[in-house]
Amino acid sequence: MAINKIQQGLRLSRRTLLIAGTAIGLNLMVPFSMAASDEILQSRSYVDITSLDPSNYLNAVDEDVMGAIYSKLIYFKPGNKWEWELQAAESIEQIDATHIKFKLKEGIKFSNGFGEMTAEDVKFSFERAAFGENPAAAADWGGALEEVEVTGKYTGVIVLKKPYQPLWNLALSYAAGNIISKKAYESVGSFTNQPPASSGPYVVKEWRPKQKVILERNPDYYGEPSAYKEIHINQIDDEKTAEIAFESGNLDVTRISMSSVQSYRETPPNNSQLQVFPSLFYVWLGINFENPKLQDPRVRQAIQYATDVPSILQASYFGEAEASTGIIAPGLLGHREQSLIPPNADIAKAKALLAEAGVNNLELTLDVLNKATNVTTAQIIQALLSQIGIKVNINQHEAGSFWTLGSEKAGERWKNIELILNRYSMVPDPYYATVNFITSQKGKWNWERFSSAEFDELNEAAQAELDLEKRNQMYQRMQDLMEQSGSYRFITHEAEPLAIRNTVAAGLRPDGRPLYRHFKPAN
Amino acid sequence: MWLFLLRRSGLAVLIVMLAVSALYLMIHAIPGDPASIILGPRATDEMKAALYIKMGLDQPVYVQLASFFANILQGDLGYDVFSQRDVSEIVFEQLPWTLALIFSAVTWAALIGIPLGCYSALHANTWFDTLTGILSVGTIAIPSFVVAIYSLLIFSVTLQWLPAIGAGEQGDILSQLEHLILPAFAVGLGWVGYISRLVRASMLEVMGSNHIRTAKAFGLPSRWITFRYALRLAILPTVTLLGVGIGYLLSASLFAEIVFARPGIGKLIFDAVSTRNYPVVMGAVLVTTGLFVIATTLADFVNALLDPRIRAGR
C-alpha cells in the first residue's frame, strides 16, 4: 500500500503531469468562493529562522516560511499522503535519466515590482543552491546538477551529471527548490531574512530576532489571495511554554509535548482539537561496531534482543508513538513493514547470546542528549540491560557537546562511544537517512562506525535507480544490513502531536509540518 | 571622589578583561565542534575547514584572544556565524529587552521591599513583622521559574488577564508594558523578600547606633530620624546588593525569557552557547560583564553619595 501511494505521488508520466497541471490551472480560474478572512494566525516555531535565502537555509523552520513566501516547481501537498503536485511548473517531465524538462506557468509575479518569474530565475536559483557554499542546500542536490538549460522564457531543462532520484523529494520540493527572483537578488547583493521579493501568497512583513516572523498577504500574488491577513510565527523554545500560550489563547496551533497528549485528547483546551501525526524522525540505540567491548556480534545482538521497545514507548512516549522498523518511516519509499528482530525483548535469547560469547559483568556507557524524553529512554535501556547482566552508566550531554560526540574532527571522544541514544531529523526521501551511515561517514555522522560494502554500494546505486520498486527494495535491504550488523536497535519515529484551534483549518504535510499557504479559517 | 572614580574605572576594565579571558578559555574547553554544529550534518570537510579559518579557530587560542581584544578596540565584536549579522547589532538589539525586564523587576521589588523592611524594623516582633518575615523567606525560596509558570497558569490561562508570551508590539508602549508585568513579577518576587529582610536587619542595626540615640535624645521627630538619618545609612547594603545582584538578575531573566518566550540577552547567550556560536557568546558576555561592572560601580558611587565616610576614604 505504501508503495502504491509513493508511486502515485511520484508517477512521472507526461499525461499524468499534464492532467494535474491542467486541473490546477482550471482550479485557479474558479472564483474564490468566500472572502478571505482578515484574521491573524498565531503559530509556534521551536527555533528562530536562520536564513530565508534558499541557498543558505539551515533548518526546517526556514522552509516553513519559505514555503509560504516563494514558489517551487513542485511541492508536497497537504494531507496524509506523501505526494507532490505542480506549483510554479505548468508541466515537468523526466525525459531521460539525466534530463528533466519543465515549463513554468505564465504570470507568476514577484512582489515589489520585480516582474514575472521566468526560466532564468529557475536557473539562477537552482544553480546557486547546488553550487553554493551552504552544505544543506548543496547536499540536497547531491552534487548531481550539471546546469539548468534555459530553452525559452518559461521553459528549461534540468541537466544532471548523473541520475539522481532524490531530486524529486529533496532538491525540487524542499527548501533548496524555492525559486527567487534573479533581478531582485542582484539588486540587493545578498539577504538573510528580509527577502527583496516574493512569489508566494505571503511576504515577510517583519522579522523580530528571537521573537517572531510576521508574514502578511502578498498583494502581487498571482493566485487566490491568502486566507489570513497576517501569520505570526512565534519562536517558543519550550513546549510547556507553548502549551500555556495555547491554553491562554495566544496561539492557534502548536506542537505539544508527548506527556500532554493524553490530557489534550481527553480534555482539549477551549475550542481546540488534538491531531497526532507520524513523524519522519528516527530514534535508535546505537551500538559501536568498532568498540573493543562490542566487537563480538553476539554481544551486540544480545543488546538488541534485550532492549524492549514497547517499554520504552510507554515510558518515554506515553504510548503515543509506534515502534519503528528501521530508519525510514511508514509512507515513504523504502519503509520496511517489519524489522528482523521483533520490538519485544527476548531476555532468554539475549542471555544465551552473552553466554555463548563468554561475556559477563559487562559495563558500558550510554551517551544521551539531556532532554527529558531521551534521558527517560536511556534509563529504561539501563534497566533493561541490567536484566542480562550489563551495567549501563548514562552520560548526559547538552546539545553543543552531544552533537559532536562522534566527530573525529572534534577531538578524541568518538573513541569512547559504546552505546548511544540518537535521533536524526529526516525529509521524505530515503537517501537522506541512509547517507548518514555509509562507511565514509564514520567519524562524521556514522557514530556507530558501521561499515558494509554492500550497504555503500546500494546507497550509491539507489540514488540512480529509476524503477521505484527496485529502489524501494534497495533501501529495505540497507536497513536489513544495518540491523544484521548488531549496531542498531530501532526504537521509534516518534510522533508530532499538534494542538489546533477549531477556528483554524490547518494545511499540514503528512508529518504535521505546516504548509502555511494552506492554512485558512475553518468554516 | 575623582581618585575614587579613577580607581574604580581601572578596576572595572581589569575585571572585564579577566572575565572575558576566562570565558574564552572556558568555551574552548567545552567539548564540541562548532563547525559541525553550525554547518549541520551535510557539511563536507572542506566546508568545515573554511569555516574554521573564517572564525579564526585555526589559530592558537592566545592569538584568537588577542585578535578579539584588538577588534573590540575598533568596535568590532565579530559576526553571528549563522545569520552573518554583526554581533554588536544583535547584542544591542536584545539587551534593551533584558534591561527593561531587570529594571522593572528591581524597581517594583525595591518599591515594595524597602518600605516593608523599614516598617518591619520599626515594628519589630509584632505580628506584622512575623508575617512579613515568613512571606519574605517563602518568596526568596521559590525559584523564579516556578513563579513564572504558576503566574502564567493563573493570570494567563485561568483568568486570561495578561498575555502569556512575547514582548509586545514594537512601538506600542502599552503593549510592551502589558507583556512585561508577569515576567517582572516572576523575576522580582524573590527580591521583594530579600530586600525586605535586608532593610529590616540593616535598619535595626542603624536604629541602635550612637548617632540615632543622640538624635532621639535631642528630641528630633521620629519620622526625621527614620527617613533622613537611619534609612539613609540602612539602605547602603541594599544598594550594594542591587548592584552586585545584576549578575543574578541576568540569570533569573534567562528563565523568564525562556518561559515567557521573550527576547533578551540571557536567552541569546544560552542559544549561542548551545550552538557554539562563539562570536555571539563572547560579544554578549563582554557586554553583560561590562553591564555588571557598571552596575557595581554605580552602586559604589551611590553609596559614596549617601555615606560621607566613603567619600572621605574612610
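## A tour of the interface between chains A and B

Begin with both chains shown in this predicted model, where eight residue pairs, both members at pLDDT 80 or more, are in polar contact between chain B and chain A. Helices H2 (34–39), H3 (45–55), H5 (87–122), H7 (144–158), H12 (246–259) and H13 (265–274) of chain B are the ones to colour next, since each of them supplies at least two residues of the side of chain B that touches chain A. Among these helices, H7(B) gives the most to that side, with five residues. By character, the residues of the side of chain B that touches chain A divide into 24 nonpolar, ten polar and nine charged.

Now select the whole interface, in which 43 residues of chain B are in contact with 44 residues of chain A. The two chains bury about 3,400 Å² between them, and 57% of that area lies on carbon and sulfur atoms. Five salt bridges are found across the interface of chain B and chain A; to see one of them, pick Lys267(B) and Asp237(A), whose closest N and O atoms are 3.0 Å apart.

The next stop is Thr404(A), which you will find in the loop between helix H13 (399–402) and strand S16 (419–424) of chain A. Is Thr404(A) buried or exposed? Thr404(A) is buried, its relative accessible area being 0%. Leaving aside residues up to four places away in sequence, Thr404(A) touches Ala410(A), Arg413(A) and Trp447(A) in chain A, and Pro31(B), Gly32(B), Asp33(B), Ser36(B) and Ile37(B) in chain B. Display the side chain of Thr404(A) to follow its polar contacts, one with the side chain of Arg413(A) at 3.1 Å and another with the backbone oxygen of Ser401(A) at 3.3 Å.

Finally, select strand S10 (residues 230–235) of chain A, where six of the six residues are buried, so that the strand is largely enclosed by the rest of the structure. Looking along S10(A), you can see Glu230(A), His232(A) and Asn234(A) pointing one way, while Ile231(A), Ile233(A) and Gln235(A) point the other way, and all are buried. Add strand S1 (residues 40–45) of chain A to the view, which pairs with S10(A) in the parallel sense over six bridges, Gln42(A) having His232(A) as its bridge partner in S10(A). Strand S9 (residues 212–217) of chain A can then be shown as well, because five bridges join S9 to S10(A) with the two running antiparallel, and Val213(A) has Ile233(A) as its bridge partner in S10(A).

Key:
Residues are numbered from 1 along each chain as its sequence is written. Chains are lettered from A and ligands numbered from 1 in the order in which they are written. This is a predicted model: local features need pLDDT of at least 70, side-chain atom pairs count only at pLDDT 80 or more; totals for chains, interfaces and linings use all residues. Side-chain values use heavy atoms; hydrogens and water are left out. Helices (H or I, at least four residues) and strands (E, at least two) are DSSP runs, numbered from the N terminus. Buried means under 20% relative accessible area, exposed over 50%, partly exposed in between (1.4 Å probe, protein chains only). A polar contact is a pair of N or O atoms within 3.5 Å; within protein, one must be able to donate a hydrogen and the other to accept it, and residues adjacent in sequence count only if both atoms are side-chain atoms. Contact means heavy atoms within 4.5 Å. Buried area is the accessible area (1.4 Å probe) that two parts lose on being put together, summed over both. A salt bridge is a side-chain nitrogen of Lys or Arg within 4 Å of a carboxyl oxygen of Asp or Glu. Ala, Val, Leu, Ile, Met, Phe, Trp, Tyr, Cys and Pro count as nonpolar, Asp, Glu, Lys and Arg as charged, and the others, Gly among them, as polar. Two strands pair if DSSP finds at least two bridges between them.
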